Amino acid sequence: MPVSVADLLAEPKLQLRALTSHCHQPDRQIGWVATTELPDPLPFLRAGELVMTTGMLARDDAEWRRLVRGLAELPVAGVCFGTGLVHQEVPPTVVRAAEQAGLALLGSPVEVPFVQISHWVADQIFAERYDTVRTVVALQDQLVQELLSGGGLPGLLRRVHRQLGAGAVAVVEPDGRVLATHPARTRWNRADEGGRPPVAAAAYLPIAVDGVPVAWLCTQRATPRQDVLSFAANILGLEVARHQAVLTGRRELLGQVLEDVLHRTISESDARRRLAAHGLTLDGACAVVVARVGGGPDRLRKLPWTLGPLLERTGDRLPTALIDDTAMVVVPEGTDAMAGARTVAAHLSALDPQVRVGVSEARRGVSGLRMGYFEARQAAQAGPGVHRAVPLSITGLLLGNLDLPLRELGHTVLAPLLQHDEAHHAELVATLRSYLAHDCAPAATATDLVLHRNSLRYRLQLIERLTGRDLDRLADRTELWLALMALDGGPTSAPRED
């Protein structure tokens, strides 16, 4: 308990006397001690301090009353007036003014020096703070042990609920899904205000990983133990980050094996052996799901896609690998690949709302796995959402080959057109794309571009002159078409959506 003026009076060694009726009020708590003999000490004092003085400076009654009112308005915890040096008794004017102002006034005999009172108050304050720190550390230790001892998230919430006394507690994902709550049958209503968790909560703190909020720790009622709530949110964030790092390591290891498979740097028998170590036997036909997110590969590795498996200490339900900015999921025979793809898309939408997901056909063996990856990767290029792949074309396979710098080559071939378009605000690249898409038919191209045929003829001649290609030669047309496909990042054939 904090030290109070009443505690001072109850200590016999200090020999203090209560001079006003306000000395025994329980709210007279002492934050620190200040000794002063200044003419105007008010600018140097803080609320809650015990002010000690001998009244060394001579003051008339009006000055004493003005000082007492100022001390009461601050307000200080009380005034300890030392007698026996300057004043044999506390001036009656001071006593009356203190009583009227509501100020706790104590008398201190000369036999007890102020330093003794200061030491006693300091000892009590530090003892109280030490007890508080010890209590907080003990509570924090209990929370950590609860989380790590096997109780997991339910055990932690049970402990937090007991310590806070703030009603039900819950961990809620950003989309409003309640991952866990205690008591278990608590119903959480949706919240209406922005900037709050998606459920109605009186107290809440974000659970963050790498500085990014990934969930909310909520209580139904306000709590004075914000320190406990804050620590629980912090250790939950650390726990999520720790398991995320472990899970990312597993995904990276499988990704390294799959990269070797995709690049054909290992034999088929070695590929089967290494994939089997990760739970991939390839005995049946497997589909491949490829998901790509924006913002760089680090987002896939550091931030959790979903909290449930991490807080429950489980891994990926399906074999999942990380390859650059791509998540690759292998879906075994008998499992709905499209349902799995939609689940992946829902999870990764927390990292990137524009996540692109492609789903391949199911195939057998190492070669089928390799083909499925490029097929799903081509489908993912169709745009945000989940897309089922069409049969992989030779063009799509070329553009999906990780070893070929096709995009760079495409940019090199089309560089003169790109530079001309930028310098003159022209549309040579768009004209070439439309011309090739309409099988080099001038009439259809002119209609598509809303362009006069003479203007189209001029643009085509300019394209030939700038690129050094002849649009009447099949080889040159093919090269320019591949360059456009590579520049766009994939073929124009649209995968069908589910």
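These are some informal notes on the fold, sheets, cores and cysteines of this chain.

1. Ground rules. This is a predicted model, with local features needing pLDDT of at least 70, side-chain atom pairs counting only at pLDDT 80 or more, and totals for chains, interfaces and linings using all residues. Numbering starts from 1 along each chain as its sequence is written, and side-chain values use heavy atoms, with hydrogens and water left out.

2. Overall make-up. The chain has 16 helices and 15 strands (DSSP runs numbered from the N terminus: H or I of at least four residues for helices, E of at least two for strands). Of its 498 residues, 46% count as buried (under 20% relative accessible area; exposed is over 50% and partly exposed is in between, using a 1.4 Å probe and protein chains only). Among contacts (heavy atoms within 4.5 Å) with a separation of 6 or more, 64% come from residues 24 or more positions apart.

3. The five-strand sheet. Strands in the order 1-5-4-3-2 make an open sheet with mixed pairing (two strands pair if DSSP finds at least two bridges between them). Strand 1 (17–18) and strand 2 (32–35) are at the edges with a single partner strand each, so one side of each has no neighbour in the sheet.

4. Around strand 5. On one side, strand 5 (residues 105–108) runs parallel to strand 4 (residues 78–82), with 4 bridges; Val79 sits opposite Leu105, and Phe81 has Gly107 as its bridge partner. Strand 1 pairs with strand 5 in the antiparallel sense through 2 bridges, and Ala18 stands opposite Leu106. Leu105 and Gly107 point one way from strand 5, Leu106 and Ser108 point the other way, and all are buried. In a regular strand, side chains alternate between the two faces of the sheet.

5. The four-strand sheet. This open sheet has the order 7-6-9-8 and antiparallel pairing. Its edge strands are strand 7 (178–182) and strand 8 (203–209), each pairing on one side only, and the twist averages 20° from one strand to the next. Strand 8 and strand 9 (residues 212–219) run antiparallel and are joined by 7 bridges.

6. Helix 5 on that sheet. Helix 5 lies across strand 6 (169–172), strand 8 and strand 9, at about 25° to strand 8 (axes are lines fitted to C-alpha atoms, for helices over the stretch in contact, and angles run from 0 to 180 degrees between N-to-C directions).

7. The cores. The largest nonpolar core (buried Ala, Val, Leu, Ile, Met, Phe, Trp, Tyr and Cys joined through side-chain atoms within 4.5 Å) has 48 residues, and Leu143, Val171, Ile207, Leu217, Leu300, Leu348 and Val357 touch the most other members. Helix 5 (residues 226–262) gives the most to this core, with 8 residues. A second, separate core of 22 residues includes Val257, Leu275, Cys286 and Leu369.

8. Ile207 up close. Ile207 stands opposite Ala215 in strand 9. Beyond its neighbours within four places in sequence, the contacts of Ile207 include Val171, Trp216, Leu217, Ala233 and Leu236.

9. Cysteines. How many disulfides are there? The count is 0 (the rule asks for a pair of cysteine sulfur atoms within 2.5 Å). The sulfur of Cys80 has its closest cysteine sulfur in Cys23, 9.9 Å away, which is too far for a bond. Cys80 is buried at 1% relative accessibility, and Cys286 is buried at 7% relative accessible area.
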